[in-house]
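Me: I would like a close look at a single part of this structure. Please pick one pocket and walk me through what surrounds it, in short sentences.

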Amino acid sequence: MTTCREIMTTPVFRFAPSPNGELHLGHAYSALLNQELAHRMGGRVLLRIEDIDVTRTRETYVAQIFEDLDWIGFHYERPVRRQSAHMADYRLAADRLRDMGLLYPCFASRTGIAAAVVAKGADWPRDPDGQPHYPGLCRGMPETEVRRRRAAGEPIAWRIDMGAALARLGVTGRGDLTATCFDLDGGETRIAVDAALWGDAVIVRKETPTSYHLSVVVDDALQGVTHVVRGRDLEAATGLHRLLQALLGLPEPRYHHHRLLIVNGRKLAKSLSDESLRALRENGVSPADVQALIGPLG
């Protein structure tokens, strides 16, 4: 491990929640850790609302994010970037990848994909989220068939041709692609990351002109984010993000993946209806109590 290089620009951190549920203690930990590290490094802190999921985003959750963060003492710069207002940025990035021949259209349904995966057998690879790799149902589809199906109005997603993307960069995906990670004492280390773990991932979803993976790397670049601090549940995504950054010629931030808060033997999650920051506040819990509940920042 080497000592942290002198940073020539002001460090920029960001906390980027999605308004598809209420914030919980895990979000409080991540937000406050970003703020603490920015303070230590003399940096800036941004808030980004990642609201590309049009089916799950709720304006009530957006309002709650601001209320909850103000309550716990998270201070951020304004204006706040909302992804839903910047779809043109993501379309432009997707167009660049298409022009490179690295995205292909996919019309396959979840049912069709699931059936094809079953036919592949139990040893078919899965991505870090536990989802089976795409079995290539639409890869190599003739252009005439693509035009016919698009003209018929079939929903279309765009997937990255992982093999072609890795070949363009001259890497195998298994050690040749790296990321810089930093620790809380200021040290840095270069680690190998593996984009191939994700297979032919969706880069543009059927219902919106982007995906989490594409929008996050575009936003980090446009906002000048230098330090990405997020939970360990997103650590494996770094491989795919580094791939997209390299393909698009985007700057590479440093990464730190922090511990996850565990309650009753499992990590906190919106989908499991864990007690939210709003509920804690309404039940008389104070911001100081929240600090005690989440423990030391680091």
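**The second largest pocket and its surroundings**

Reply: The second largest pocket has a volume of about 150 Å³. Keep in mind that this is a predicted model.

Start with the lining. Asp89, Leu92, Ala93, Arg96, Val218, Ala221, Leu222, Leu248 and Leu250 line the second largest pocket. Sort them by character. Seven are nonpolar, two are charged, and no polar residue takes part.

Now ask where these residues sit. Helix 3 (87–99) and helix 7 each supply at least two residues of the lining. Helix 3 gives the most, with four residues.

Turn to helix 7, which spans residues 212–222. How many of its eleven residues are buried? Eight of them are, so to speak of helix 7 as mostly covered is fair, given that buried means under 20% relative accessible area. The buried residues are His213, Leu214, Ser215, Val216, Val217, Val218, Asp219 and Asp220. Val218 is in that buried group, and Val218 also belongs to the lining of the second largest pocket.

Take one residue of helix 7 more closely. Ser215 is found in this helix. Why does Ser215 count as buried? Its relative accessibility is 0%, and the cut-off for buried is under 20%. The side chain of Ser215 also has a partner: it reaches the backbone oxygen of Ser211 at 2.9 Å.

Follow the chain past the end of helix 7. Just after this helix comes Gly224, with a positive phi of about 70°. Next in our tour is strand 10, residues 227–231. Strand 10 is mostly covered, with five of its five residues buried.

Strand 10 has a pairing partner. It pairs with strand 11 (residues 254–258) in the parallel sense, over five bridges. One pair to find in the view is Arg230 and its bridge partner in strand 11, His257.

A helix completes this part. Helix 8 covers residues 237–248. Together, strand 10, helix 8 and strand 11 make a right-handed β-α-β unit. Leu248, within the range of helix 8, is one of the residues lining the second largest pocket.

To retrace the route, begin at the pocket, with its seven nonpolar and two charged lining residues. Go along helix 7, where eight of eleven residues are buried. Pass Gly224. Finish at the parallel pair of strand 10 and strand 11.

Key: Residues are numbered from 1 along each chain as its sequence is written. This is a predicted model: local features need pLDDT of at least 70, side-chain atom pairs count only at pLDDT 80 or more; totals for chains, interfaces and linings use all residues. Side-chain values use heavy atoms; hydrogens and water are left out. Buried means under 20% relative accessible area, exposed over 50%, partly exposed in between (1.4 Å probe, protein chains only). On a 1 Å grid over the protein atoms alone, a cavity is a set of points where a 1.4 Å probe fits but cannot get out, and a pocket is an open set with protein on both sides within 12 Å along at least five of seven lines; lining residues have an atom within 4 Å of a point. Grid points are joined across faces, edges and corners, and a volume is the space filled by probe spheres set on the points. Ala, Val, Leu, Ile, Met, Phe, Trp, Tyr, Cys and Pro count as nonpolar, Asp, Glu, Lys and Arg as charged, and the others, Gly among them, as polar. A polar contact is a pair of N or O atoms within 3.5 Å; within protein, one must be able to donate a hydrogen and the other to accept it, and residues adjacent in sequence count only if both atoms are side-chain atoms. Two strands pair if DSSP finds at least two bridges between them. A crossover is right-handed if, with the strands pointing away from the viewer, the path from the first strand over the helix to the second runs clockwise.
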